Amino acid sequence: MSAPNPASSTSTEEAKKNSTDLAASLQELRQLSNQVFLTGGRGLAGDQDTSKDHSWLQHLQEQFGSVNSTIKDIEEATAQFQAQTNVLMIGNVDTDPQIESFQLYSDLAKNHRWFEKVNEYAVGASAFLGQNLLKRSYCNFKSRRKPLSTCHIAQPDHLTKMISGINKMFNDMKVTVSRPGGSMLNAVVEVHLDRILKTVIIFKGLMIEWVVVKGWKEDLLKPDGQVDIWGESRYQVFQRITENANAAMIHFLSPAYPELAVRSFMTYLHSFNSLFSDKCKQCNCHLQNNLPPTWREFRTLEPYHEDCRV
Ligand SMILES: [Zn+2]
């Protein structure tokens with residue numbers, strides 16, 4: 001258990017003392033007020049000695065003076081209460097003689113500590129999530145007041161135009177768009193990269209939602225003619241690339257700059273055009289565990305084996 005804070009315990013003691021003083025002053029005020037009313041009510045009844053008028057009046061004035069003085073004391077004590085922190089006010093709960101309020105102070109203190117921890121964790125979590133590149137939500141944690149990105153509900157023409165621009169980026173990579181069922185929202189984009197690989201990319205608006213990579217001789221269509229978006233390649237090398245491409249897709253995801261994100265991803269995908277001739281940057285070998293370097297460093301697109309990643 002941590003040592004008590006001397007400053008805190010001093011202020012608590014001071015608060016209790018002030019509270020006791022205030023209660024005594026209030027009691028005194030009640031008594032003095034009663035005396036004033038008693039003296040006033042009794043008056044000069046039954047007393048014929050007019051010489052006592054003066055002394056009665058003087059006595060009443062003295063009692064009024066005492067009442068005023070006590071009221072001033074109470075006002076000063078109250079001002080001290082207000083000047084002190086809320087710890088003081090909570091501390092006073094402890095002095096309440098009501099039995100049902102006995103547990104109140106400890107419950108309040110526990111809740112206070114709990115809220116402090118919640119606040120602390122929330123600040124930490126917010127900072128952590130703000131840096132997290134894996135976030136999939138369309139809104140930014142730091143700027144909820146900004147209008148939300150609409151890239152996930154972009155018009156079909158926008159995507160078609162963007163894909164035709166990507167087609168001009170690389171000669172050995174062919175990209176085609178189709179919209180199964182005439183969907184305005186979702187689109188299936190097929191990428192054929194030379195005689196290396198084929199890829200199915202599912203778009204929602206301008207955002208990539210899913211990627212499947214297969215060998216260039218493998219079918220992207222199911223026997224019923226529909227695009228096979230869930231079936232994986234039968235080759236381990238393309239299964240690995242599918243996993244890595246999905247990681248890359250999340251890495252490049254940027255609701256604020258969707259076109260840049262797609263271009264970055266397509267450039268990443270194109271870097272596999274030398275898949276079977278690349279040497280790993282780490283071990284300088286072609287193969288490791290019978291697999292070529294299937295990992296691409298996102299920034300430089302340098303090839304690495306899965307186990308050679310830095
Ligand atoms: Zn390696």
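Visitor: In what order do the four strands of the open sheet come?
Guide: Happy to start there, with the reminder that this is a predicted model. The pairing in this sheet is antiparallel. Strands S1 (173-178) and S4 (207-215) each pair on one side only, which puts them at the edges. Reading across the four strands, the order is S1-S2-S3-S4.

Visitor: How many degrees does the twist average from one strand to the next?
Guide: This value describes the step from one strand to the next across the open sheet. The average is 20 degrees.

Visitor: Which residue in S2 stands opposite Val-175?
Guide: Look at S1 and its partner S2, residues 186-193. The two pair in the antiparallel sense, over six bridges. Opposite Val-175 you will find Val-191.

Visitor: How many bridges join S3 to S4?
Guide: These two strands run antiparallel and form a hairpin with two residues between them. In the turn, Gly-205 has a positive phi of about 65 degrees. Along the pair, Val-200 faces Val-212 in S4. The number of bridges joining S3 to S4 is eight.

Visitor: How many of the nine residues of S4 are buried?
Guide: S4 is an edge strand, pairing on one side only. Even so, S4 is mostly covered. Its count of buried residues is seven.

Visitor: Which strands does helix H5 touch as it packs on the sheet?
Guide: H5 spans residues 156-167. Its direction makes about 170 degrees with that of S1. The strands it touches are S1, S2 and S3.

Visitor: At what angle do H5 and H7 pack?
Guide: H7 covers residues 258-270, and the axes of the two helices are 11 Å apart. H5 passes H7 in a right-handed crossing. The packing angle is about 35 degrees.

Visitor: Which residues in H7 meet His-158, Met-162, Gly-165 and Ile-166 in H5?
Guide: By class, this contact has four nonpolar, two polar and two charged residues. On the H7 side, the residues are Glu-259, Val-262, Arg-263 and Met-266.

Visitor: Which elements do the buried residues of H6 pack against?
Guide: H6 has 17 residues, 236-252, and reaches 24 Å from its first C-alpha to its last, close to the 24 Å expected. Its buried residues include Val-237, Phe-238, Ile-241, Met-249 and Phe-252. Polar names appear in that buried set too, among them Thr-242, Asn-244 and Asn-246. The elements they pack against are S3, S4, H7 and S5.

Visitor: Why does His-305 count as buried?
Guide: His-305 lies in the segment after strand S6 (303-304). Beyond its neighbours within four places in sequence, His-305 is in contact with several residues, including Cys-280, Cys-283, Cys-285, His-286 and Trp-295. Buried means under 20% relative accessible area. His-305 counts as buried because its relative accessibility is 1%.

Visitor: Is Ser-271 buried or exposed?
Guide: Ser-271 sits in the loop between H7 and S5. Leaving out residues up to four places away in sequence, Ser-271 touches Asp-278, Arg-296 and Leu-301. Its relative accessibility is 12%, so Ser-271 counts as buried.

Visitor: How far apart in space are Ser-271 and Pro-303, C-alpha to C-alpha?
Guide: In sequence, these two are 32 residues apart. In space, the C-alpha to C-alpha distance is 8.7 Å.

Conventions
Residues are numbered from 1 along each chain as its sequence is written. This is a predicted model: local features need pLDDT of at least 70, side-chain atom pairs count only at pLDDT 80 or more; totals for chains, interfaces and linings use all residues. Side-chain values use heavy atoms; hydrogens and water are left out. Two strands pair if DSSP finds at least two bridges between them. Axes are lines fitted to C-alpha atoms, for helices over the stretch in contact, and angles run from 0 to 180 degrees between N-to-C directions. Contact means heavy atoms within 4.5 Å. A crossing is left-handed if the near helix is turned anticlockwise from the far one by less than a right angle, and right-handed if clockwise. The expected span of a helix is 1.5 Å times one less than its number of residues. Buried means under 20% relative accessible area, exposed over 50%, partly exposed in between (1.4 Å probe, protein chains only).
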